[in-house]
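Student: I'd like a close look at one helix of this model, please. Which way do its side chains face, and what lies around it?

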Amino acid sequence: MADIPLTRTEYPEARQEEIRAAVRKAEGITTVETNSRLATPDDAGVFHEFLSDPDISGPIYTLPRPLTLESVRAFIEDHLEQRERGEGLLFLNVDAAGAIGGYVDIIVWPQWAAGELGGAVGKQRQGQRHGIEGARLGFDWMFDVLGLELLCATAALDNFRTAKLLDGLGFKRKGEIVSVRPDGTERASLVWEVTRPEWDGFHGR
Ligand SMILES: CC(C)(COP(=O)(O)OP(=O)(O)OC[C@H]1O[C@@H](n2cnc3c(N)ncnc32)[C@H](O)[C@@H]1OP(=O)(O)O)[C@@H](O)C(=O)NCCC(=O)NCCS
């Protein structure tokens with residue numbers, strides 16, 4: 001898979017264990033107005049339906065390919081195993097009517113106290129800055145609740161919305177890498193990173 005994060009500072013074993021414990025305890029991430037909860041295998045059908053819109057899943061290289069009910073169920077199960085190892089989380093953001101309004105996929109590298117957040121908001125919520133505000137809250141949560149020191153993010157070269165989102169939230173562009181999709185196909189990605197002091201300074205925390 002892709003060679004991220006680009007910045008790698010090794011953290012002591014005790015600190016790594018604290019991060020793994022925080023991941024294992026996590027039940028949901030801070031959101032704007034939806035309820036966030038862990039995805040379970042029972043969600044495979046609705047989550048597959050949500051992702052089947054190419055405007056939602058097209059730009060995201062980490063999703064299973066081909067995108068089928070079975071591959072989405074396996075994706076959810078794999079994330080529950082990642083959570084047990086303290087290395088990954090998959091949250092669904094569900095609205096009052098029970099419909100999926102978005103999802104968040106988190107990768108954690110406890111050895112470097114680093115993490116990546118990816119995801120999407122539903123089509124009817126795109127273009128209204130919901131994704132930007134949700135991402136800001138999510139990044140706050142990764143620093144505050146998971147105790148990370150570095151956040152990393154990637155986007156396809158033509159994903160202007162995500163680029164604006166990350167630039168606007170104070171992430172720094174670090175270069176370009178080749179991301180590898182689960183089916184082995186490749187995609188050029190821009191890489192952004194932000195450290196905790198940079199984040200806190202930018203957002204006046
Ligand atoms: C990427 C995403 C989270 C952004 O959230 P959003 O709430 O829809 O964001 P918006 O479109 O309201 O705003 C993003 C920025 O892009 C700008 N923008 C929107 N469409 C644009 C376009 N076609 N070209 C250039 N800029 C564009 C907006 O003006 C805004 O910029 P600003 O902050 O300077 O005002 C959301 O669109 C989404 O889920 N997309 C599908 C999945 C995806 O790409 N995920 C990210 C990869 S992990």
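Tutor: Happy to take you through it, starting from the outside: in this predicted model, Glu-70, Glu-81, Glu-84 and Arg-85 are exposed on one side of helix H4. Now turn to the other side. The buried residues of H4 are Val-72, Arg-73, Phe-75, Ile-76, His-79 and Arg-83. Because these residues cover an arc of only 155° around the axis, they sit on the same side of H4. The elements that cover the buried residues of H4 include helix H1 (13-25), helix H2 (44-51) and strand E2 (88-94).

You can also check the length of this helix for yourself. H4 runs over residues 69-85, so its 17 residues should span 24 Å at 1.5 Å a residue. The C-alpha atoms at its two ends are 25 Å apart, which agrees with that expectation.

Both flanks of the helix have a backbone detail to look for. On the way in, Pro-66 lies in the loop between helix H3 (54-57) and H4, and a cis peptide bond with omega of about -5° joins Arg-65 to Pro-66. Ile-4 and Pro-5 are also joined by a cis peptide bond, again with omega about -5°; Pro-5 belongs to the segment before H1. On the way out, Gly-86 follows H4 and has a positive phi, near 75°.

Since E2 helps to cover H4, the sheet is a natural next stop. Seven strands make up an open sheet of mixed pairing, in the order E1-E2-E3-E4-E5-E7-E6. Its edge strands are E1 (35-38) and E6 (172-180), each of which pairs on one side only. On average, and with direction ignored, neighbouring strands of this sheet are turned by 30° against each other.

Two of the pairings are worth following in detail. Strands E3 (residues 100-109) and E4 (residues 114-121) are antiparallel and share eight bridges, with Tyr-103 opposite Ala-120 in E4. In the loop between E3 and E4 you will find Ala-113, which has a positive phi of about 45° although it is not a glycine. Most residues other than glycine have a negative phi. Ala-113 counts as buried because it has 22 C-beta neighbours inside 10 Å, where 20 or more are needed. E6 and E7 (residues 186-195) also pair in the antiparallel sense over eight bridges, and here Ile-177 stands opposite Ser-189 in E7. The hairpin of E6 and E7 has five residues between the strands, and Gly-184 in this hairpin has a positive phi near 90°.

Ala-120 also leads us to the ligand. Of the 21 residues around the ligand, Ala-120 is among those that come nearest, together with Pro-59, Gln-126, Gly-131 and Phe-160. E4, helix H5 (130-144) and helix H6 (160-168) each supply at least two residues of the shell, and the largest share, six residues, comes from H6. The loop between E4 and H5 holds Arg-129, another non-glycine residue with a positive phi, about 65°. With 15 other C-beta atoms within 10 Å, Arg-129 is partly exposed.

One last spot brings us back to the elements around H4. Thr-40 sits in the loop between E1 and H2. Thr-40 and Phe-91 are 51 residues apart in sequence, yet their C-alpha atoms are 9.1 Å apart in space. Thr-40 has 15 other C-beta atoms within 10 Å, so it is partly exposed.

How values were computed:
Residues are numbered from 1 along each chain as its sequence is written. This is a predicted model: local features need pLDDT of at least 70, side-chain atom pairs count only at pLDDT 80 or more; totals for chains, interfaces and linings use all residues. Helices (H or I, at least four residues) and strands (E, at least two) are DSSP runs, numbered from the N terminus. The expected span of a helix is 1.5 Å times one less than its number of residues. A residue is buried if 20 or more other C-beta atoms lie within 10 Å of its own, exposed if 12 or fewer, and partly exposed in between; C-beta atoms are placed from the backbone. The arc is that of the directions from the helix axis to the C-beta atoms. Two residues are in contact if their C-beta atoms, placed from the backbone, lie within 7 Å. Two strands pair if DSSP finds at least two bridges between them. Axes are lines fitted to C-alpha atoms, for helices over the stretch in contact, and angles run from 0 to 180 degrees between N-to-C directions. A residue is near a molecule or strand if its C-beta atom, placed from the backbone, lies within 6 Å of it.
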